[in-house]
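Subject: Structure handover

Hello,

Here is the structure I promised, with my notes below it. Please open it first and then read on.

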Amino acid sequence: MRQIERKLHRDLPAARIWTYGGSSPGPIIEARRAHGILIDWPNELPLRHFLPIDHSLHGAESDLPEVRGIAHVHGAKTRPEHDGYPEDWYVPGKSRTYFYPNQQEPAALWYHDHTMGINRLNIYAGMFGLYIIRDDFEERLNLPKGAYEIPLVIYDRMLHQNGELDYPVSNDPAKPWVPEVFGEVMLVNGKAFPYLDVEARKYRFRVLNAANGRFFHLSLENEQTMYAIGTDQGLLPAPVALQSILLAPGERADLIIDFTGLAGRQIALKNDAFFAMQFRVRDAKSRDMSAIPDALRTAARTSESAAVKTRPLALIENMSMKGESMSMLLNNTPWHAPVTENPQLGSTEIWSFINTTDDTHPIHLHLVRFQILDRRRFEPFLYQARGEIRYTGPVEPPRPEEAGWKDTVRADAKMVTRIIVGFEGYLGRYVWHCHVLEHEDNEMMRPFEVIAGTKA
Ligand SMILES: [Cu+2]
């Protein structure tokens, strides 16, 4: 963890950035399935933070050191003591060595800071990068690879005129926290509004939404079809043809775009009406031998009858008398309250997110992968008044491009979103949280504990 100065655009002065390994995004960590790796995460940051800490937030009190860090690999199946628990932060001069077994299906995971109370600021400062797991099966699929497999880490920032990062604050100097941050500058792989020279052939793009709070609804300017071949946790059973894809903070997509026949064209990748980046298509240097296979990796749907328990979990926003957001809560329970979610190791559960708020919250569970069962509109006021769920819409299955293995799910506003989760891996304490980082830092995070099964 290190501070650097780096231009975010050719025409801007250099900005202060916090990094892993001297770049933001940090170096891509490439791992082989079942080949464990050790990573040292030394904290070499300065002693003062450069973004506005809110000392009224839990875990960011003024008697704590300003600069703290702890790395978490999002989507990795690791022992709890190597998962980057938010309270396991450490200060400049200290380090941690974590072991990642990589005993899981290939996927584009990502590492990022997870420090209690200042996570949104550390990530906004630049502390994240991709972590890609591969295996022989995936390589035999003949997907575009090497120079034709490219990460697209997409996020937004506000910038000062002098090129420095600008993080907004509330009107209350004692409580600078804001409920959401949306920047007008789109960055891809660390550059503002970049272009990429591509050949007229197929490419595989490993796309990550690394924004604090912005959802990306991505499409190509020429309205050409893209193919989703994977989700957060790996390959889909079969490619899904798409005109656009929606990615919430923390979500990933594995996309194939075919530029064949488009040499000479300039094609923007758009977020709704706005440009994020541009592809400049040139003639292909050689014949494209890669494929979009009809079949990818088979994944059995987990049957609802496999679940031993259903947990109704309400997502709540607390408003002030002035109608301003004060905090958001999972299950109406703050971070420091005793653990309430305690699945048994090896068991399967249904978690039912009852979103009473006007916002979509991307909910992420550490350690596990899961499948989305469905979403259904309900009446939030009746639920809040009497705890009663009255559905007002039909059961909606997940979209085809999110019907694989996931670790982050959009719990849409005023809907009940159900996921089915197998708690495989390790015993111990992990967290689940909203991946809108401003929400997470203001109580929208809870511990869960995987406990030993009881013998019948
Ligand atoms: Cu949220």
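His-439 is buried, at 0% relative accessibility. The model is predicted, so please read every value below as computed from it. His-439 gives its ND1 atom to the copper ion. The other protein donors are His-361, through ND1, and Cys-434, through SG. They lie 2.0 to 2.1 Å from the metal. Along the chain the donors follow the spacing H-x72-C-x4-H. His-361 sits in strand β25 (residues 361-365) and His-439 in helix α4 (residues 437-441), so this pair ties together parts that are 78 residues apart in sequence. His-361 is also buried, again with 0% relative accessibility.

Next, the aromatics. How many aromatic pairs are there? The count comes to 22. One of them joins Tyr-203 and Phe-205. Their ring centres are 5.8 Å apart and their planes meet at 15°, so the pair is stacked. That follows because planes under 30 degrees apart count as stacked. Tyr-203 is buried, with a relative accessible area of 3%. Phe-205 is buried as well, at 0%.

Phe-423 and Phe-448 pair in another way: edge-to-face. Here the centres are 5.8 Å apart, with 70° between the planes. The cut-off for edge-to-face is over 60 degrees. Why does this pair tie together separate parts of the chain? Phe-423 lies in the loop between β28 (415-422) and β29 (428-434), while Phe-448 is in strand β30 (residues 445-450), so the parts it links are 25 residues apart in sequence. Phe-423 is buried at 0% relative accessibility. Phe-448 is buried too, with a relative accessible area of 0%. Both belong to one aromatic cluster, together with Trp-351, Phe-353, Tyr-430 and Trp-432.

Two arginines sit over rings. The charged end of Arg-68 is over the ring of Trp-89, 4.8 Å from its centre. The charged end of Arg-201 is over the ring of Tyr-148, 3.6 Å from its centre.

Now the sheets. Strands of a sheet pair through backbone hydrogen bonds, either parallel or antiparallel. One open sheet has four strands, in the order β3-β8-β7-β5, with mixed pairing. Which strands are at its edges? They are β3 (29-32) and β5 (71-74), and each pairs on one side only. From one strand to the next, the twist averages 25°. β5 pairs with β7 (residues 108-113) in the antiparallel sense, over four bridges. Within this pairing, look at Val-73: it stands opposite Tyr-111 in β7.

Another open sheet has five strands. The order is β13-β21-β20-β15-β18, and the pairing is mixed. Its edge strands are β13 (195-199) and β18 (244-247), each paired on one side only. The twist averages 25° from one strand to the next. Inside the sheet, β15 (residues 216-220) and β20 (residues 266-271) are antiparallel, over three bridges. Leu-218 stands opposite Asn-271 in β20.

To look at the model yourself, start at the copper ion with His-361, Cys-434 and His-439. Then go to the cluster that holds Phe-423 and Phe-448. Finish with the two sheets, β3-β8-β7-β5 and β13-β21-β20-β15-β18.

Best wishes

Technical notes: Residues are numbered from 1 along each chain as its sequence is written. This is a predicted model: local features need pLDDT of at least 70, side-chain atom pairs count only at pLDDT 80 or more; totals for chains, interfaces and linings use all residues. Side-chain values use heavy atoms; hydrogens and water are left out. Two strands pair if DSSP finds at least two bridges between them. Axes are lines fitted to C-alpha atoms, for helices over the stretch in contact, and angles run from 0 to 180 degrees between N-to-C directions. Rings of Phe, Tyr and Trp (its six-membered ring) pair if their centres lie within 6.5 Å; planes under 30 degrees apart count as stacked, over 60 as edge-to-face and the rest as tilted. Buried means under 20% relative accessible area, exposed over 50%, partly exposed in between (1.4 Å probe, protein chains only). A charge sits over a ring if NZ of Lys or CZ of Arg is within 6 Å of the ring centre and within 35 degrees of the ring normal. Donors are N, O and S atoms within 2.8 Å of the metal (3.2 Å for Na, K and Ca); water is not among the atoms, so sites may look incomplete.
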